[in-house]
Every structure is written in C-alpha cells, then in structure tokens.
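Trainee: I have a new structure open and would like to learn how to read it. Could you walk me through it?

Mentor: Gladly; let us look at it together.

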Amino acid sequence: MPRQSRRWNPGDAANSFVRVVLSDAGELLGGLSEDEWQRTLAFFDHRCAYTGEKLGAEAVRDHAVPVNRTHCGLHLYGNVLPTTRAANSEKGGQHWREFVEGSEQAARIQEFIAQSGYEEKAELLGGLQAYCETMYRVVDGMCRTAKKVLAERLEASGTGVTPAAKSERRNRGGLALTFVPDGPETAFKERLLRKARGMVSHYLSGRQ
C-alpha cells in the first residue's frame, strides 16, 4: 500500500472549512452571473484591472479581496476582477489595495467596487470575519482532540505504544524497550514474570 505523500494538518481542515463558509456566503448573496462578468469586463474596457494591459480571449478571474481566512472575500459581483495570468500570480493572496497601492488603477478599482454594491452586500452577513476566525479555531481544536482520542484508543488496545508516546517517554528520560521475540506486550510480560529474567542490550555507542 503506497504511503501518504502529504501530511494533512489541523490547519488544512480549518482553512478548508472557512473556504466552504465563504463559498456558501457568496452563493447566498447571488454569486457572479455571466451577465455580471461581461459587465465587469466592459467596465475595465477588457483590460487587466491591475495593470491596464489589454486582455486576450481569456481573462483570468481574480478575487480583489481574497477568499481566505485573513480577508474573507466572497465570490460575488464586484469582487471578481479581470486580470492577466501574470498579474494574478503576482498578487497571490494579497488584498487588492495592498497590491495596487499608489498605482493609476487603484481609483478605477475602487470606483467599480463602490458602484457594484459589493461591500454593502457583504456587510449584510454581519461579523463574517469574526465568525470565520472562531470556526477556524473550533475545527482546528476538533482535529487535535481527534488525534488524541485515536492515540488513546490505540494504546488501550494492548497492541503497543504509539510512536508519539514512545518519543515522549524518551524525551522524559525513560528507557525505550524493544521486546524480543516480537509479540504482544502482555505476552512478554507474562513470560518475564514466569522466568524473572530479562536482557538489556548495550551498544558500542553507549546507547541501550
């Protein structure tokens, strides 16, 4: 069975949850219709909203306010701008104000967002960013709790101590033991009690 190539962390699940919330919020507020996208292209004269460069047949759609935990933007008319692929890549997860600060395009973008009514719609949800931050912490905590529960179940099963528990014991100065012959820990203990004899191997390095 191939090993998992990527380690998924609690933050991954929490960020995904926030994105689902923001996606649902944008959809509930109307999203972005094809007609609205064409109006957006016309407003910017089929040019990149960030650079003013003439766009080709396919314009990249970029969220002026990113759809993430930090900015809580929505996929909604007024927040989706036409850009070149290069500008979209360079902007990344930045807020549009940060990206175009001091440029000739800033005033034009602000005008578009204002006339679209995007900010007023987003405010209807009330405290969206605070809600997303709270839910991020909740999901992150649930994932961490789930890992602890699984580790406790594995240890209680009698099949051995989890790698995390072994590492913790070593860090506290305890002696890490390897049972020979291999087998359930309980069976080894029974044989040890019957014979009252065990063996500890010493390595040349001094490690036991």
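Mentor: One term before we start: two residues are in contact when heavy atoms of theirs lie within 4.5 Å. Please also keep in mind that this is a predicted model.

Trainee: Thanks. How many helices and strands are there in the protein chain?

Mentor: The chain has 9 helices and 2 strands. Read from the N terminus, the order is α-α-β-β-α-α-α-α-α-α-α. Of its 208 residues, 31% are buried. Contacts can also be sorted by separation in sequence: among those with a separation of 6 or more, 68% join residues 24 or more positions apart.

Trainee: Let me try a helix. What should helix α1 span, at 1.5 Å a residue?

Mentor: The 19 residues of α1, residues 10-28, should span 27 Å, and the C-alpha atoms at the ends are 27 Å apart, so the two values agree. Just after α1 comes Gly30, with a positive phi near 120 degrees.

Trainee: Which residues in α1 are buried?

Mentor: Start with the general idea: an α-helix has 3.6 residues a turn, so residues three or four places apart point the same way. In α1, the buried residues are Pro10, Gly11, Ala14, Val18, Val21, Leu22, Ala25 and Gly26. Looking down the axis of α1, you find them within an arc of 145 degrees, so they line one face of the helix. That buried set packs against α7, residues 128-156.

Trainee: Now a single residue. Is Thr84 buried or exposed?

Mentor: Buried, because its relative accessibility is 13% and the cut-off for buried is under 20%. Thr84 sits in the loop between β2 (80-83) and α3 (85-91). Leaving out residues up to four places away in sequence, Thr84 touches Cys48, Glu53, Leu55 and Val60. A polar atom of the Thr84 side chain also lies 3.1 Å from the backbone nitrogen of Ala87.

Trainee: And how do I read a pocket?

Mentor: Rolling a probe the size of a water molecule over the atoms shows where empty space is left. Here, the second largest pocket holds about 300 Å³ of space.

Trainee: Which residues lie nearest the centre of the second largest pocket?

Mentor: They are His71, Cys72, Tyr118, Glu119 and Ala122, out of 18 lining residues. The elements giving two or more residues to this lining are α4 (96-100), α6 (118-123) and α7. The largest share, 4 residues, comes from α6.

Trainee: So α7 appears twice: the buried residues of α1 pack against α7, and α7 helps line the second largest pocket.

Mentor: Well spotted!

Key:
Residues are numbered from 1 along each chain as its sequence is written. This is a predicted model: local features need pLDDT of at least 70, side-chain atom pairs count only at pLDDT 80 or more; totals for chains, interfaces and linings use all residues. Side-chain values use heavy atoms; hydrogens and water are left out. Buried means under 20% relative accessible area, exposed over 50%, partly exposed in between (1.4 Å probe, protein chains only). A polar contact is a pair of N or O atoms within 3.5 Å; within protein, one must be able to donate a hydrogen and the other to accept it, and residues adjacent in sequence count only if both atoms are side-chain atoms. The expected span of a helix is 1.5 Å times one less than its number of residues. The arc is that of the directions from the helix axis to the C-beta atoms. On a 1 Å grid over the protein atoms alone, a cavity is a set of points where a 1.4 Å probe fits but cannot get out, and a pocket is an open set with protein on both sides within 12 Å along at least five of seven lines; lining residues have an atom within 4 Å of a point. Grid points are joined across faces, edges and corners, and a volume is the space filled by probe spheres set on the points.
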